[in-house]
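Biologist: I should like to learn how to read a model of several chains, feature by feature. Might we proceed from overall form to single residues?

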Amino acid sequence: MKSSPILDITLRWLVVLLGIVSFFLLLRGHDEPGGGFSGGLLAASAIIIVTIAYGADAGRKLLHFQPLSYIAVGLLLSVLASLFQWDTAFMGSLWITLSLGFTTLKIGTPLLFDLGVYVVVLGVVSSFVLEIESVVKTKKEGR
Amino acid sequence: MVGLVISLLEPASKGSPQSLNFEWIPQLGLHVTLRADSFGLFIALIITVIGAGIFSYTSEYMGDDSGTGSIIGWLLFFMASMLGVVLADNIVLLFVSWELTSISSYILIGSNHRDPEARAGAKTALLVTAIGGLSLLAAVVLLGLATGVWNLSELPPMHDHPWVLSIFILICLAAFSKSAQWPFCFWLPGAMAAPTPISAYLHSATMVKAGVILLARMHPILSEHAAWTPTLVLISSASMIVVIFAILKATDLKALLAHSTVGALALMVCLIGIGTSYALNAMTVFLLAHACYKAPLFLVAGSIDHAVHNRNINALGGLANKMPYTTITACLAGISMMGLPPMLGFAAKEMILEAGLSYAPWLIALITVLVTAFVMVACCVVLIPAFGKNQFLAKKAHESPWSMLVPMLLISLIGLFSGLGLSPLERYLIAPAVISLGVKPTALGLWHGFTPHLALSALAILAGWLAYSKRHVLYKRIPILPSGLLIHDIIWNAVLGFGRSLTRIIQNGSLTSYLGTTIIVTCALILYAWVQVDAPTRPSLVQKITLAELSAGLLIMASSLATAFARQRLPAIAALGSMGMGMTLFFIVSQAPDLALTQFLVEILAVVLLVVAFRHLPDFVGEPIKIQTGRLVISALTGLTMMVLTLVALSTDYGQRVSLWHGLNALKQGHGANVVNVILVDFRALDTLGEITVLSIAALGVGVLMGSLKQTKKEAT
Amino acid sequence: MSVLLILPILLPLISASLGILTRQHVVAQRWVSLLGITTYLIIGFVLISQVLDQGYLTTQVGGWQAPYGITLIADLLAAIMILFTGLIGFSVLLYSLMSSKHKQGDFSPAFHPLVHFLLMGASGAFLTGDIFNLYVCFEIMLMSSFALMTLEGRAEQTEGAVKYVVLNLLSSAIFLAGLGLLYAKAGTLNMADISVISQQAVADDKAGPIRLAGLLFLVTFSVKAGMFPFFFWLPASYHTPSVPVSALFSGILTKVGVYALIRLHTLIMPGEVLGHKLLLILGVSTMLIGVFGAASQMHIRRILSFHIISQIGYIVVGLAIKTPLALASAIFFIGHNIIAKGNLFLVAGLASDSVGSEKLHKTGGMWKAWPQLGLIYLVSAFSLAGFPPLSGFVAKFSIVWATVESKLWWVMAAAIFTGLFTLYSMIKIWVEVFWKDHPDPNRDLTVGKDSKRLVPVSLLALITVFIGLAGGPLFDICLRAGEQLVDPTDYILAVLGKIK
């Protein structure tokens with residue numbers, strides 16, 4: 001694929017932007033529309049864009065770890081989040097409020113749980129696109 | 001074993017049988033209750049004594065064959081189950097032992113499993129006895145639930161219970177199939193494919209008598225019923241007729257013996273059917289006599305087979321010199337079978353004839369003919385091999401080793417000595433056994449004076465000799481009866497054929513038809529239930545619709561039609577995407593921004609993924625869609641059903657307590673203003689955990705399908 | 001005891017996740033898998049002993065009071081199902097691990113994680129007290145079984161798997177429609193709560209809409225259970241995956257469907273909401289058509305697959321009669337069937353590895369080549385045909401007993417007829433695979449022998465014998481389970497804490 005400077009720069013910014021927005025969606029999800037699921041989808045779309053533009057290897061490089069590892073870690077995160085109140089209730093939630101001066105931050109186990117969701121969704125969608133892309137590529141080369 | 005049985009005899013004859021009882025599945029009436037009454041012990045004695053002989057004979061007969069050990073094992077297994085049949089007091093335990101004899105018999109018949117005939121014989125035997133076993137199962141449950149009693153010794157006589165006829169029929173099916181009575185008599189000759197000592201033990205001396213024993217046990221309980229005597233006598237007569245024809249057609253030693261065994265069993269069933277105390281006495285004596293002559297005769301046939309590898313009466317002869325002891329055994333047993341004094345067989349036959357005389361003239365005639373046939377069989381089996389003229393096989397013959405000779409000689413001698421020593425036999429065995437069957441014992445004697453039945457037996461012996469000498473003529477003249485085996489095969493094949501066509505129709509391999517069936521049945525169920533039951537609560541068809549809802553609905557409908565009719569990939573994907581946008585619109589209209597956002601993202605990603613997957617494939621132009629009536633009907637039906645369901649769902653009956661609670665408590669207890677998110681990550685977080693698991697599995701599945709996680713190779717070889 | 005209820009769901013999830021992480025280290029992955037299933041099995045034993053002690057174990061997930069959150073509950077039925085799932089899962093994994101000829105990388109790295117995911121879905125289905133959560137568990141099972149089915153990637157597998165997944169997705173859609181209707185009408189997803197409301201609706205004469213939802217559930221669960229006329233997916237797909245996968249499916253998938261039917265009929269829609277007659281007719285047709293199908297097949301695993309259907313019929317008959325004894329016999333039948341049928345699949349796999357085919361006209365000679373395997377086959381096959389003193393005898397006997405007690409003569413006749421044909425199929429396999437000579441006289445049948453794998457199959461055969469011999473105490477447990485099901489009052493009390 002030919003590289004074009006405009007595409008390169010736009011993409012770089014877009015990926016960063018998508019990453020930030022997706023994380024923002026995850027964080028605000030408890031009070032406003034958003035959450036781990038939509039956040040994860042948005043983050044994955046960054047991987048998709050890069051994969052379409054530069055191929056599966058670039059997508060993999062951006063992810064750094066393999067998608068399946070994301071999935072496993074995400075699942076374990078969600079499990080971990082549900083074990084904080086282990087002795088009284090499985091999946092019982094625990095909240096603390098941090099005061100940061102300019103704003104207060106609510107941090108609770110459901111957020112950790114949602115982070116697990118985020119990571120799993122990111123891993124799953126990236127694995128879809130990367131698998132499909134590699135197969136399509138080998139098919140094309142084989143022909 | 002024999003010693004144990006004998007030691008139990010003493011208390012049993014005094015009327016206080018030893019018993020053993022522990023629980024197995026008490027909720028289902030199943031206790032392991034053994035009760036050593038005299039009749040049971042009488043049979044148990046036959047089983048153990050003959051069994052001991054058979055074990056010795058078998059190990060020699062089978063030689064160094066690698067299967068010998070396992071055959072002995074199965075024989076022991078059989079012996080234990082057979083003892084269970086005769087000693088069980090609990091009727092469920094009786095059934096259990098009964099089934100175990102069927103299994104062990106199956107395996108034993110198939111010992112020569114490389115021979116297709118042995119396999120077929122074993123299969124037929126098992127299937128036929130399984131019919132009986134299942135009938136017995138039903139009978140046992142009916143009996144137990146009708147009376148509430150599960151022990152044979154406590155079952156009351158039942159003649160006015162509404163179930164009694166069914167129980168009787170089921171018991172008859174069980175007994176007749178096990179004891180090879182008409183119309184099930186065909187399996188026994190087929191079972192002769194077993195090694196001969198096994199035929200001697202299972203298929204003449206013990207297992208086939210299980211049906212007779214069952215009937216004898218049921219006699220006190222069911223015999224008052226009007227159907228008892230006619231059914232048993234008629235069925236056994238039918239069996240006798242079949243046997244007589246079959247004997248005249250048989251040329252194989254074992255087949256001759258097998259047919260005559262069916263005849264002997266028919267006699268026993270007939271005697272139980274007559275049901276007088278004299279008849280039952282006769283049955284008991286005959287049971288012993290038969291075991292003592294038939295088993296040795298089988299073993300003789302086995303020895304001959306062992307020596308010259310042939311059992312055809314037209315090929316044998318001249319073995320008397322080469323195999324003297326075998327010949328002596330054959331003579332002893334044969335005389336008993338012919339019913340000549342001083343053997344036990346004589347006493348038994350006299351009693352049978354007398355019992356028959358008391359019932360009906362035609363029956364006695366039939367029995368006489370049967371006895372004639374027995375005489376002929378005995379002659380064939382004893383005389384032809386020993387003294388026949390056909391000698392060329394005899395040259396290489398040799399006498400069997402002692403471990404085979406001694407058992408058969410001893411067993412046949414029992415027949416002689418018990419004939420000579422009738423009174424101790426009567427006192428210690430027969431009389432107590434008969435008493436435990438609930439009837440009065442009769443004095444036994446070899447000599448009853450000149451009576452009509454003595455004349456009959458003389459006649460039978462003469463006629464039997466005549467038939468023997470003219471057997472070639474008879475062989476040609478006698479017609480072949482339609483074989484029961486053939487009918488059995490036809491029925492099975494018909495049922496199997498039916499099953500095959502049914503399966504081919506139902507499981508026809510077409511996914512379309514599977515889907516169609518599932519959808520049609522579901523819709524029919526729902527519509528039927530709706531129309532039938534719910535006329536008053538049917539909601540009105542007219543509902544208020546806002547403009548936004550209408551436009552979202554139209555968008556969905558239009559794009560689904562476009563998807564179905566698109567002939568190229570990209571337009572189809574695009575149409576699919578716009579359907580998703582319609583859904584998003586719906587969520588927005590219904591004020592669910594969270595769902596709308598997620599739906600929106602999912603739809604975009606789906607479209608992108610589809611395009612990624614398809615973009616390198618050659619552009620594909622589908623056939624123009626043809627409208628098929630059947631599919632149209634299914635679609636319309638589905639649409640109608642969904643509409644009905646939606647309309648029904650529009651009104652709430654029992655409140656929305658849960659959703660209201662969620663709305664109220666999301667912020668208060670869930671620390672979040674976004675109700676949907678609180679539900680997802682807190683109230684119903686387990687569902688979410690499940691859903692992300694589903695997604696993860698989907699990723700694994702894609703990996704498997706695409707090949708990166710595919711199984712490399714099953715076995716490296 | 002909230003931990004005990006959550007572990008059967010959480011533990012497989014953790015094992016599966018760790019399995020994914022260790023996917024490139026075959027040995028590590030196997031140890032994780034084995035450790036996971038062993039712990040699962042132990043938990044199964046602890047769970048059932050606790051439930052026997054206390055009657056019901058409940059936990060409200062997240063501490064949210066029912067019916068607002070999700071409730072997990074174990075009654076005896078659920079505990080029995082978990083235990084047997086553990087037993088078959090343990091044996092199947094042992095079977096796949098214990099091969100003397102195992103080369104590294106023989107199996108897909110996805111195999112072990114997928115099996116654990118399947119176990120997670122099954123446990124969730126057994127333990128959940130929430131019908132939407134049940135739907136989620138069904139999805140977990142559907143996805144993982146679909147992936148397991150295509151593991152080897154042969155064309156035949158893909159074809160079977162497509163039929164499987166399409167028909168099951170249809171059933172999911174039907175389930176979802178039912179859920180929507182139910183939530184609209186009853187306003188709750190908690191099964192105990194639904195039970196209360198549906199009884200209320202019957203009393204108010206407003207049960208119609210709820211009955212519609214019930215019928216939709218009935219269809220869904222019938223598809224899952226492999227009932228007539230919805231079983232098509234089962235014979236189309238069960239013979240295609242690798243042997244351990246088949247065995248696992250036969251032990252778990254349809255049984256979860258039947259489990260859901262039991263819950264539907266005894267808890268969610270008790271009383272006259274669904275017709276007993278309808279279930280009875282469906283059960284009997286399933287029994288007969290399944291056994292006819294089996295008799296007409298000439299492929300080992302196809303025969304076994306059709307028998308799964310027929311035996312589902314037996315179980316449903318027990319459910320439809322719905323006395324404590326009939327339910328007990330249905331439950332006993334489930335347990336027996338999981339073990340005996342699963343083992344038959346494994347034995348069939350060992351035999352066909354040796355003879356080189358699963359088509360009956362290409363098999364033979366195994367009785368001489370491998371008598372131990374023959375004996376194990378005999379135990380399982382005669383057990384399936386209902387011969388004493390094996391597990392199947394108790395199951396069949398108690399079903400016949402239940403039909404006689406309710407005077408359902410035609411059902412009894414059908415059950416007996418089915419028994420005869422089951423025997424026919426079992427000895428057909430026996431004769432063709434074990435007794436007759438191999439059609440190729442030069443084939444050395446001892447080459448494919450994999451003696452280490454006798455360990456798991458012997459274990460299952462021993463369990464079959466044990467279930468038969470210890471029938472008394474085990475049937476007692478089933479009877480208690482049956483009594484719990486017949487009267488759901490205590491169940492509802494355990495979930496909601498009160499009865500409205």
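Modeller: The dialogue below takes up overall form, helices, interfaces, the nonpolar core and two residues in turn. Please keep in mind that this is a predicted model.

Biologist: How many helices and strands are there in chain B?

Modeller: Counting elements is a sensible start. Chain B contains 28 helices and 2 strands. Its domain assignment lists domain 1 (1-225), domain 2 (227-506), domain 3 (547-617) and domain 4 (667-717). Between the centres of domain 3 of chain B and domain 4 of chain B, taken over C-alpha atoms, the separation is 23 Å.

Biologist: Is chain B a compact globule or more spread out?

Modeller: One compares the radius of gyration with the value that a globule rule gives for the chain length. For the 717 residues of chain B the rule gives 27 Å, whereas the radius of gyration is 39 Å, well over that value, so chain B is more spread out than a compact globule. Along the principal axes, the C-alpha atoms of chain B fill a box of roughly 115 × 60 × 45 Å. Buried residues nevertheless make up 51% of chain B. Of the contacts in chain B between residues at least 6 apart in sequence, 77% join residues at least 24 apart.

Biologist: What do the corresponding values say about chain A?

Modeller: In chain A, 45% of the 143 residues count as buried. Among its contacts between residues at least 6 apart in sequence, 67% join residues at least 24 apart. Chain A has 5 helices and 2 strands, in the order α-α-α-α-β-β-α from the N terminus.

Biologist: How far apart should the end C-alpha atoms of helix α15 of chain B be?

Modeller: The general idea is to allow 1.5 Å for each step from one residue to the next, which means that the expected span uses one less than the number of residues. Helix α15 (residues 361-387) of chain B has 27 residues and should therefore span 39 Å; its end C-alpha atoms are 38 Å apart, which agrees. This helix is mostly covered, with 19 of its 27 residues buried. A second case is helix α5 (residues 131-149) of chain C, whose 19 residues reach 27 Å from first C-alpha to last, close to the 27 Å expected. In α5(C), 19 of its 19 residues are buried.

Biologist: Which residues and elements form the contact between chain A and chain B?

Modeller: For an interface, one asks how many residues take part, which elements supply them and what their chemical character is. Here the contact takes 44 residues from chain A and 36 residues from chain B. On the side of chain A, two or more residues come from each of α2 (36-54), α4 (67-81), β2 (104-108) and α5 (109-142). The largest share, 19 residues, belongs to α5(A). By character, this side of chain A divides into 24 nonpolar, 12 polar and 8 charged residues.

Biologist: How many residues of chain B are in contact with chain C?

Modeller: In that contact, 84 residues of chain B meet 95 residues of chain C. Helix α28 (residues 685-706) of chain B provides the largest share of the chain B side, namely 14 residues. That side comprises 46 nonpolar, 21 polar and 17 charged residues.

Biologist: Which residues have the most contacts inside the largest nonpolar core?

Modeller: A core is read by its extent and by its most connected members. The largest nonpolar core has 500 residues, and those with the most contacts inside it are A:V121, B:I171, B:M268, B:L271, B:V381, C:V316 and C:V317. Helix α12 (residues 277-308) of chain B gives the largest share of this core, 21 residues. Leaving aside residues up to four places away in sequence, B:M268 touches B:V212, B:M283, B:F286 and B:L287.

Biologist: Is B:Y57 buried or exposed?

Modeller: The test is a count of C-beta neighbours, with 20 or more within 10 Å required for a buried residue. B:Y57 counts as buried because it has 29 such neighbours inside 10 Å. B:Y57 lies in helix α2 (residues 38-62) of chain B. Beyond residues up to four places away in sequence, B:Y57 touches B:P197, B:L299, B:M404, B:P407 and B:M408.

Biologist: How many other C-beta atoms lie within 10 Å of A:I52?

Modeller: A:I52 has 18 other C-beta atoms within 10 Å and is therefore partly exposed. A:I52 is placed in helix α2 of chain A. The C-alpha atoms of A:I52 and A:S78 are separated by 30 Å, although the two residues are 26 apart along the chain.

Terms used
Residues numbered from 1 in each chain as written. Chains lettered and ligands numbered in written order. Predicted model: local features only at pLDDT ≥ 70, side-chain atom pairs only at ≥ 80, totals over all residues. Contact = placed C-beta atoms within 7 Å. Helix = DSSP H or I, 4+ residues; strand = E, 2+ residues; numbered from the N terminus. Nonpolar A, V, L, I, M, F, W, Y, C, P; charged D, E, K, R; others polar. Buried ≥ 20, exposed ≤ 12 C-beta atoms within 10 Å, placed from the backbone. Domains from an automatic or database assignment. Rg over C-alpha atoms; globule rule 2.2 N^0.38 Å. Core = buried A, V, L, I, M, F, W, Y, C linked by C-beta atoms within 7 Å.
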